[in-house]
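Reader: I am new to this structure. Could you walk me through it in short steps?

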Amino acid sequence: MADGTSVPVGVIASTPAATRKRSTMKRFAQRRSTIAFMLCLPLMLLVIAFVIYPAFYAIYLSMLNKKMTAFVGLGNFAFLLKRHTFQLVIFQSCLFAVTAVVMKALIGFVLAHLMHNIPGKNQRIWRGLLLVPWVIPLALSTLTWWWMFDPSYSAFNWVLNRFGFASVPWLGVGWIARFCTITVNVWYGTPFFMIMYLAALKSVPEQLYEASAIDGANAVQKLFFVTLPMMRNIIAITVLFSLIVTFADFDIVRILTSGGPQDMTHVFATYAFQVGIQSGDIPLGAADSLFMFPILAFAAFFVLRGVTRRTKEIAA
Amino acid sequence: MSATTMNGAAGRRAVRHKSLHRQRTWALWGSYIALAIFVVIFLVPPFYTVMTSLKSSAEISAQSGSPWIVHHPTLENFWYLITYPNFQTYYLNSVIVTVLTVAVSMVISVLAAFSLARMGFKGSQTLSTGVFLTYLIPPSLLFIPLFQIIGMIGLINSFWCLVLLYPTLAVPFCTWIMIGYFSSIPKELDEAALIDGAGYMQMLFRIFIPVAMPGLIAATIFAFTVSWGSFLYPLAYLYTSNQMVLTVGIVSDLIRGDVFQWGKIMAANLLASLPPIIIYAFLMDYYVAGLTAGATKG
């Protein structure tokens, strides 16, 4: 497809006549961009076939009735919004994503600072240990968490009983179960924040700290006026990525609670799975999962706008 | 007199130096202690997985003593799984799907990244932004329409559908990593190659891929991680145990109704986590560098 052996020959042969040179150069550029396009073709086909087309297909599906025989417009969306379960889903999805991302960002920030304090040669082993939660496939580690939350012979309850506290029905009561799903997500996602922040911390020039020390800045001032502004970009990107992934999370809730008790831990993804795949109401499931998109696009718009503005400020 | 003042100043400096030094030492030890606490908390679930996997079913159902330690360690769970045909099938399916996914994803993303970073064509800028934006459409939004599409293609309940779908999860990020690495290669290098008579493919294989090897490793690990650990697509599209991959297989095969064979589940959990753990143990530095390179540069 792109052996390209004639390209340099063309370049060399184009020297004699100026007109001929221009046309050869043009042909060269054209050929170059044709090859470039061909190289991108597999990527485009993949994205169009399995991302863009399904996304539009989802919009179409969401406007059909359950048997997919009649067009109902926005009926499914209206139906969902009126349903109490779905209102819980919206609330829980936002609560889950926002709380988990904030917790991950904070703990990750603390961890990155602690790592930054210790000498570089020791960081590798500590980082390796802290990355373990992130390395194990999430679906599998959630199984372990489930077993630890088990009501009858739970590891956590055993510890609680040992210290004289009563057993806690971890996954049996709505708010506690919500807390558990968030805990697992924080446990899984914090290492990612840590390594991103650690890289950002290392990229802050040491002179800035020296300059601020000469100006008499204390540790808190250094944090707020040097470290955080310098890390703003990377914090924004990491939070955006994590927000998308957390918002779209499926594994934790599906395995830990399957949405129960009383549908209090359902998020968009698990509810769409239950409605669309398990109950076979594909249009309703598609409508449910489409609710994710505007929220994600909204978040992405704001974070990316902040990032580009900041990059321009630096460039100016 | 001047000597005494000088002495005094030197003494003060020494004292301050000493206190600063002591402060640093305290900060260092404080960091180590805090990190140790975090490590212990973070490693509780893996530790518990290992402990449970070494327990016999009898010991688990007896429910006596501390659940945190194993009283009579046994390898019977591991032995059961290794000789259990279904588990072998899941493992084999996972390996096939992952190897193919990684191969397909890497070919697609290396070619595209080379083209986007170096050659360019009308609209290539839009395409690279567009690739990045596919992250706004997560799999949990796509799995329902894809259920219909996979059904139309006739790949429902066949692990081949995963080979088609997993690349969509891996390719955008792999392309992004590779674009970053490729564009950091000096332009003089490919001009020199062109003058020496190399074609684009030669340029890619002789110069770009060897130079960007760390990025290639990072992207490969990412593709591997995604396809080894994904749960939603196989759960939605695979039903029979001869087609299942590890994540779904463990969840649906070893949990039958209300009977939880926790020892076996945890042993399977460990066996399935082994490949990622081994890969990360050796290649983590590349992966971390690849992940953070793009973000810190931007």
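**Two chains, then one helix**

Reader: How many residues of chain B are in contact with chain A?
Author: This is a predicted model. The contacts join two sides, and 80 residues of chain A take part on one of them. On the other side, the number for chain B is 83.

Reader: Which helix of chain B gives the largest share of the side that touches chain A?
Author: The largest share is 15 residues. Those residues come from a helix that covers residues 262–297 of chain B. That helix is α14 of chain B.

Reader: How many residues on that side of chain B are nonpolar, polar and charged?
Author: Take the side of chain B that touches chain A. Its charged residues number 1 and its polar residues 23. The nonpolar residues number 59.

Reader: How many helices and strands does chain A have?
Author: Read along the sequence, chain A runs α-α-α-α-α-α-α-α-α-α-α-α-α-α. The strand count is 0. The helix count is 14.

Reader: How far apart do the C-alpha centres of the two domains of chain A lie?
Author: The domain assignment gives domain 1 as 6–43 and domain 2 as 75–315. Between their C-alpha centres the distance is 49 Å.

Reader: Where is the kink in α10(A) centred?
Author: Start with the span. A straight helix of 29 residues would span 42 Å, but α10(A) spans only 34 Å between its end C-alpha atoms. The helix has a kink of about 55°, centred on R232(A).

Reader: Is L223(A) buried, partly exposed or exposed?
Author: L223(A) is found in helix α10 of chain A, residues 219–247. Buried needs 20 or more C-beta neighbours within 10 Å, and exposed means 12 or fewer. L223(A) has 13 inside 10 Å, so it counts as partly exposed.

Reader: How far is L223(A) from Y209(A) in space?
Author: In sequence, the two are 14 residues apart. In space, C-alpha to C-alpha, they are 9.6 Å apart.

Reader: What share of chain A counts as buried?
Author: Helix α10(A) has buried residues, including T227(A), M231(A) and F247(A). Chain A as a whole has 316 residues. Of these, the buried share is 40%.

Reader: Which helix of chain A has the lowest confidence?
Author: The mean pLDDT of chain A is 84, and 90% of its residues reach 70 or more. Over residues 1–15 of chain A, the pLDDT is below 50. Where pLDDT is low, the predicted coordinates should not be read in detail. Confidence is highest in helix α4 of chain A, at a mean of 92, and lowest, at 42, in helix α1.

How values were computed: Residues numbered from 1 in each chain as written. Chains lettered and ligands numbered in written order. Predicted model: local features only at pLDDT ≥ 70, side-chain atom pairs only at ≥ 80, totals over all residues. Contact = placed C-beta atoms within 7 Å. Helix = DSSP H or I, 4+ residues; strand = E, 2+ residues; numbered from the N terminus. Nonpolar A, V, L, I, M, F, W, Y, C, P; charged D, E, K, R; others polar. Domains from an automatic or database assignment. Expected span 1.5 Å × (residues − 1). Bend = angle between axes of the 7 residues up to and from the residue. pLDDT = per-residue confidence, 0-100.
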